[in-house]
Each structure stands twice: as structure tokens, then as C-alpha cells.
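Please look through the model shown here before reading the remarks, which are meant for a colleague who will work with its coordinates.

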Amino acid sequence: MFRVVCLLAVMALWSPAEALDNGLALLPPMGWLHWERFMCNTDCDTDPDNCISERLYMQMADVMAKEGWKEAGYQYVCIDDCWPSHQRDAQGRLQADPKRFPGGIKKLADYVHSKGLKLGIYADVGKNTCAGYPGSLGYYETDAQTFADWEVDLLKFDGCYMDWKLLGEGYINMSKALNKTGRSILYSCEWPLYEWPFQQPNYTAIRETCNSWRNYADVYDSWSSVKSITAWTNDHEEVIVPAAGPGGWNDPDMLVIGNFGLSHDQQESQMALWAIMAAPLLVSNDLRDICPRSKELLQNRHIISISQDPLGQQGRCTAKRKDSFEVWERTLSKNRQAVAVFNKQEIGGPRRFSLAEAPGWRICDPQCNVTQVLPQYKELGVQTLQTKTSVSVNPSGTTLLTVTPISRDFKLYWRSKTTL
Ligand code: GLA
């Protein structure tokens, strides 16, 4: 049995703070980002297929356009660190490494646009990027204009090599510089990640400045990394969840589905929890060579429709049990709700969880329609508060459901955080 320890908010009163007013990221952005999988591989002589070069992004764009990614909603093809030359040009502008990007970024953007996709680029608020390439400090207007001239659509702005006290000012100035170009450039920040070691960031200011923001450490291709991100989110939800909404999103970092480190159940957990968290869905894997099951999971339209729900309300962990079950719930539009039952126990076999123990289950008063989305899609039919419905959840896996109340008058209900 769960014990209610605190009441958080009545869902009808939910309204996020003012978002960055650039008309972008009304839903969590979706796309592909090179970092986790390809890192700073600049060795095109011996590893031409995996090095950071224009070829890599062109090939990813080809696959995204051809193999269902674009139709599923993945739109941005994003460059991360290690793309530029170590020197700015004579006018002080960033330039792409000429050997690895012989056509330059403008041509690459044209190519990506010709596939009906958008191009993202990477820079840093400080003196250098994290991998030691030139940073934008002192060049915000020049760099914003350069990216606009190249017709770039997204900027990931890192926070290395910067005095933490100047982080806010730097991120705000770049936001203004981007706006001044007149081009719509989605602004993905890492401001809070670099401020947390010193003080609690001001999420109202962050939401007014950025379209998404990283809060916590880089994701690795491992279950311990994905787990630590969900645990951090859980521990800080009261600070970060209210900041999210159309126009600005908490970014728990890339999806590492389709790589080497996660079992299929763990991949399902990452996908389900990232959808509940209203996280940007930026995949970092090799789309040219991905196992069909991972591809199917990443393109699962039922999960994507939870992620992209138009209400744009981030979900949260609503219940924790001592036996390592967690329930994560997200309020969706039309009074619907997504419920993820996450089995954190890494020993034994599948375990059953009674849905009556999920706090949001009370919307099934008098009854609701329940659909299981993961691990297999299945209609569980009409359920009531009294129905003894239970689901099976694999070790380190997640069973994901959508719940639609059936009643003439929708009842307001309290979201509660519960623990054993
Ligand atoms: C930081 C960021 C990562 C990635 C690397 C690149 O660690 O958090 O996401 O961009 O820098 O160097």
C-alpha cells in the first residue's frame, strides 16, 4: 500500500511560466544528434564512415527521409562538438573544418533542407567548446549571424570554459543575438547543468531564454547512466517540472536506443520515461545500421503521441514503492493520462503490478478505457476503480499505458506523490 506524503498540484491549475517567444518547440523537439554515438571522432582517414564530417550528416539525413524517421516526427539532424576548424576566419567567423566539411555548412544545410529536414549546429557560451574548439564568448552576434546566414535551424549551446557567474548573462545574450538575426533557430541550452554545482538555477529566466535546457550529466550508453538521469529528475521534479511546457522543455539528454549498452527492456524504459518527461527525443545512434526492434521502438507512434501530446505538460514520478516499482504519470490532452509502471528491480523475472495502486488510476471513476502501449500494444478494455487489473513488468523494463476516462463530468483529481 502507498502512503500519501504530499500534494503537488491540481492539474486544472497547471500553467507554465512565460516561454521564449520565438514560436519554436511548441512540442518537444525530435531528431538525431551525433554526440553520444560518434563523439569527437575526427579521424576521417582511417574511419571515414564514423568521423564527424559532412558525409555523416548527409547519410543520416538520407536515412531519416527514406526509412520512416521523418514521417515518425524526427526532424532535426544535429551536429555536436568538433565540427569547426580550430581557427576563426579573417572576419572572426567560425568556419567548418575544411577537410571534413569541404562543402561548408551552408551547403550541408541546403542538402538537409532538400530532404525536408532541419539542420542543428553546436557552439559554446564560453571561451572554448568542451572538446577545445573555439567558443563563442565575445562573438555571440557574429556567431548567431553566421548560423543564420548558413540557414541553420537549431543551436545547441554548451557551457564549458565559462565563469559560472556569467552563464546566465551569456545564455541570455546569445538568445537575443539569435532573435536579432530574424531567423527561427531553436535554442537548446545547457545553462542549468553548469549552474547546479554552485546554486539552484532560475528556471523562470531559463524558460524565457531557451527552448530546451540540459539539467544533468551527459547520457552514456549504459543502464546506470539512464537510471541516474531518471533518479535525478525524480529528486528535482518540484523545481524542474513546472518550468516545462510548450516553447521550453527539460532535456534529460539523448536517447541511446539502438546502440550497445541497453537491453531491449531498458530501451523500452528509456523511450517510455522520455515520453512521460516530455523530453526532446534526440536519438544518438547509427541510423544506417540499427536493429529492427530498436527502430520499431523509436518509431512507435503510440509512444510518440504521448511525447508529442499538445497539452505539453511534463509528467513525473507519482509513486515509489520499496520493492523497486515506480509509477510515472503524465496528464495528456482530452483528460487522458499516460501511466508508466517501471520495475527497477534487476533480479528475478517479470513481476505483476496492480494498476489500482497508480495514483492517477482514480480517473477511472466511474470507468476508463485502458490501452497498453508497451511492451506490446493491447487494448485492456473498460476498467473501473474496483477492477483488479494488473500488468506484468520485466526487470528494468516499463509497462506503458494510456488511460481515457469515460464519464460525463470529468472529475478534478489531486496528483499526489506517494511512497510506501
Ligand atoms: C558536453 C555536453 C555534451 C556534448 C559534449 C561535446 O559534455 O554536455 O552533450 O555536447 O560536451 O564536447
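The numbered points below take up the ligand site, the sheet and a few backbone details.

1. The model is predicted, and the remarks that follow should be read with that in mind.

2. The ligand is surrounded by W35, D80, D81, Y122, C130, A131, K156, D158, E190, Y194, R214 and D218. Sorted by character, this shell holds five nonpolar and seven charged residues, with no polar ones.

3. Three acidic side chains of this shell deserve a separate check, since each places a polar atom at a short listed distance from a ligand oxygen. For D218 the distance from a polar side-chain atom to an oxygen atom of the ligand is 2.6 Å, while for E190 the corresponding distance is 2.8 Å. In D158, an N or O atom of the side chain lies 2.8 Å from an oxygen atom of the ligand. Taken on its own, the ligand has 310 Å² of accessible area, of which the protein covers 92%.

4. The open sheet is built from eight strands with parallel pairing, and their order is 8-7-6-5-4-3-2-9. Its edges are strand 8 (249-251) and strand 9 (281-283), each of which has a single partner strand, so one side of each is left without a neighbour in the sheet. From one strand to the next, the twist averages 25°.

5. Within this sheet, strand 5 (residues 154-158) pairs with strand 6 (residues 186-189) in the parallel sense, over four bridges. L154 has L186 in strand 6 as its bridge partner. Helix 4 (residues 104-114) packs on the sheet, where it touches strand 3 (76-78) and strand 4 (118-124), and the direction of helix 4 makes about 145° with that of strand 4.

6. Two peptide bonds should be inspected, given that most peptide bonds are trans. The bond joining D365 and P366 is cis, with omega about 10°, and P366 sits in the loop between strand 13 (351-354) and strand 14 (367-374). The bond joining L374 and P375 is also cis, with omega about 0°, and P375 is placed in the loop between strand 14 and strand 15 (378-383).

7. What is the sign of phi at D253, which is not a glycine? The value is positive, about 85°, whereas most residues other than glycine have a negative phi. D253 belongs to the loop between strand 8 and helix 11 (264-276).

Key:
Residues are numbered from 1 along each chain as its sequence is written. This is a predicted model: local features need pLDDT of at least 70, side-chain atom pairs count only at pLDDT 80 or more; totals for chains, interfaces and linings use all residues. Side-chain values use heavy atoms; hydrogens and water are left out. A residue is near a molecule or strand if one of its heavy atoms lies within 4 Å of it. A polar contact is a pair of N or O atoms within 3.5 Å; within protein, one must be able to donate a hydrogen and the other to accept it, and residues adjacent in sequence count only if both atoms are side-chain atoms. Accessible areas come from the Shrake-Rupley method with a 1.4 Å probe; for residues, only the protein chains shown count as cover. Ala, Val, Leu, Ile, Met, Phe, Trp, Tyr, Cys and Pro count as nonpolar, Asp, Glu, Lys and Arg as charged, and the others, Gly among them, as polar. Two strands pair if DSSP finds at least two bridges between them. Helices (H or I, at least four residues) and strands (E, at least two) are DSSP runs, numbered from the N terminus. Axes are lines fitted to C-alpha atoms, for helices over the stretch in contact, and angles run from 0 to 180 degrees between N-to-C directions. Contact means heavy atoms within 4.5 Å.
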